[in-house]
Structures are given as C-alpha cells and as structure tokens.
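Grab a pencil and work through these short exercises. Try each task yourself before you read the solution.

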Amino acid sequence: MQSLTVIKIGGNIVDDESSLQAFLDTYASIEGPKVLVHGGGKLATRMATQLGIETQMVNGRRITDEAMLPIAVMVYAGLINKQITAQLQSRGCDAIGISGADAKLIQSHKRPTEPIDYGHVGDFKASDVNVVRLKQLVEIGLSPVFSAITADKEGQLLNTNADTIASNLAVALATEYKVALIYCFERKGVLQDINNEDSVISTINRENFTQLKEQGVIADGMLPKIENALAAIDQGVNKVCIKKAEDLLEAEAGTTIQRQ
C-alpha cells in the first residue's frame with residue numbers, strides 16, 4: 001500500500017511569516033502523495049475588526065454568525081489558502097488550493113445549536129469524505145491544500161475545525177493509503193510542563209491520556225487535538241504525530257499517538 005502524508009498546520013504558524021515560509025520549504029521537499037490542511041490564524045479577527053464586526057468566542061472557539069461567515073470564507077478559503085498554494089507552487093510543489101465544498105470533497109452538516117449555538121459551523125465524519133475524487137487529485141500528482149471551509153448538502157458554506165478536517169481526511173484516505181497524520185504547531189510536542197519546552201511526552205495512548213487529562217497536563221485546545229488523534233489511530237491511520245514545524249522531517253521528534 002502506498003504511503004501518504006496528511007499534515008495540519010495551526011494558526012500560529014500561519015500568522016508568523018518566517019515560520020510559515022520555513023514550514024513551506026520543508027513541506028515542498030516531502031516526497032510522495034501529501035495533503036495539507038491549514039487553520040485560519042488571527043487574520044479573520046483583524047479583518048472583522050476593520051469592518052466593524054465583533055468577534056465572538058466561546059471556550060476558545062469562534063462563533064460564525066451571519067456577519068462572520070463571509071469573512072471566514074474570504075480569509076480561510078481565499079487569501080490564506082491561495083497564498084499558501086502560490087508559495088508551494090513557487091517551490092515546485094504542484095499544490096491545488098481547495099475547500100470541502102469543491103468537487104463535494106467533504107459534505108458536512110451544521111452543528112446543533114444546543115448546548116451552544118456556534119452559528120455556521122460544520123461537523124462531519126470520515127465517511128462524508130469523497131475519497132474517490134480526492135484520490136483522483138492525488139494520483140494525477142496534485143497536492144491538495146484544504147482550508148477550514150466545508151458545505152452541507154443544501155450548499156450552505158460552513159466554518160469547520162481544521163483539526164477535525166485533518167483527522168477525518170486521514171481516516172478516509174487510510175482505506176486507500178498507508179497514512180501518516182502530523183499536527184504541526186509552535187511547540188515541540190505535547191509537554192509535561194507547559195513552561196519547559198524540553199518536557200515532551202514521547203508517546204500518548206488512551207491509558208496515559210486519561211491520566212494526563214485528570215492531572216491537568218492536557219487541557220484546553222490540546223484536548224480535542226489528542227482526542228481526534230486517538231480516534232484516527234483507532235480507525236486505521238498508521239501513525240499520528242504532534243510536533244514542531246521545524247522538526248517535521250525528524251522521525252523521532254515530537255509526541256507519537258499510539259494504540260494501547
């Protein structure tokens with residue numbers, strides 16, 4: 001079975017020009033089929049402020065109301081996505097910038113309004129990924145670059161969590177490829193001590209994840225990331241890593257998510 005790499009980069013890399021350029025240099029050098037998923041960073045918030053639109057957040061997640069949705073689509077699927085795609089093309093990587101709405105690659109549904117109404121936010125399962133169409137893109141030599149925008153069956157655009165997109169794409173593609181899923185962000189991995197960059201937890205499985213969660217070592221935004229990673233491993237993804245973007249090519253770097 002052919003290997004394929006799915007990499008997700010977070011907003012802090014997108015926001016920092018030097019970090020982004022260094023990551024794109026490395027990403028372009030990765031051989032074989034690959035898929036990139038990117039978050040949105042702070043640009044949508046800055047643009048909303050310039051337009052006089054209030055940004056609402058609950059538990060660190062953006063409320064995508066009627067006013068915010070066009071901004072999210074313009075920034076995530078437009079400016080950021082096309083800048084990354086163009087930069088990869090300049091490095092010899094034949095990238096194609098897309099959203100879940102393109103070629104009905106991802107069909108999502110609007111998140112329920114209870115207990116919190118997040119507005120136009122989408123959720124989906126790995127089975128909602130159009131693997132046949134995505135595989136066709138990969139097999140003609142294109143490297144898909146996914147923004148965090150999807151659409152439902154009525155054609156409504158939805159802001160969608162980029163970590164979820166990455167994990168569900170990896171699970172869907174695991175039926176056709178030997179998939180490695182890598183979450184790249186600004187730290188070396190999952191840290192035992194948030195103030196000690198060298199306190200990387202080398203491996204996480206369901207048993208020590210429960211312990212680390214109870215101890216408060218893993219909390220906030222890292223919780224859904226680890227939960228997505230564990231679910232991906234359970235559903236056939238060969239390998240999941242969380243590491244610093246600069247360490248992307250170092251096999252032993254970062255935190256590896258494992259089965260029991």
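**Exercise 1: Strand partners**

Start with one residue: Cys-241 has Thr-256 of β14 as its bridge partner. Keep in mind that this is a predicted model.

Task: Find which way strands β13 and β14 run, and how many bridges join them.

Solution: Look at β13, residues 239-244, and β14, residues 255-257. The two strands run antiparallel, and three bridges join them.

**Exercise 2: The whole sheet**

Task: Write down the strand order of the open sheet and pick out its edge strands.

Solution: Begin with the order, which is β5-β8-β2-β1-β11-β13-β14-β12. That's eight strands, with mixed pairing. Next, check the ends: β5 (95-98) and β12 (203-204) each pair on one side only, so they are the edge strands. Finally, add helix α4 (residues 68-90), which lies across β1, β2, β5 and β8 and runs at about 175° to β5.

**Exercise 3: Two helices**

Task: Decide whether α7 is roughly parallel or roughly antiparallel to α8.

Solution: Take the angle between helix α7 (residues 206-214) and helix α8 (residues 222-234), which is about 170°, with the axes 12 Å apart. Angles over 145 degrees count as roughly antiparallel, so α7 is roughly antiparallel to α8. Now see who touches whom: α7 brings Arg-206, Phe-209 and Lys-213, while the residues from α8 include Leu-223, Ile-226 and Glu-227. Sorted by type, the contact has five nonpolar, four charged and no polar residues.

**Exercise 4: Charges over rings**

Task: Which ring face does Arg-111 lie over, and which one does Lys-225 lie over?

Solution: Arg-111 is over the face of Tyr-118, 5.2 Å from the ring centre. Lys-225 is over the face of Phe-185, at 5.9 Å from the ring centre.

Definitions and conventions:
Residues numbered from 1 in each chain as written. Predicted model: local features only at pLDDT ≥ 70, side-chain atom pairs only at ≥ 80, totals over all residues. Heavy atoms only, no water. Axes fitted to C-alpha atoms, helices over the stretch in contact; angles between N-to-C directions. Helix = DSSP H or I, 4+ residues; strand = E, 2+ residues; numbered from the N terminus. Parallel < 35°, antiparallel > 145°, perpendicular 65-115°, else oblique. Contact = heavy atoms within 4.5 Å. Nonpolar A, V, L, I, M, F, W, Y, C, P; charged D, E, K, R; others polar. Lys NZ or Arg CZ within 6 Å of the ring centre and 35° of its normal.
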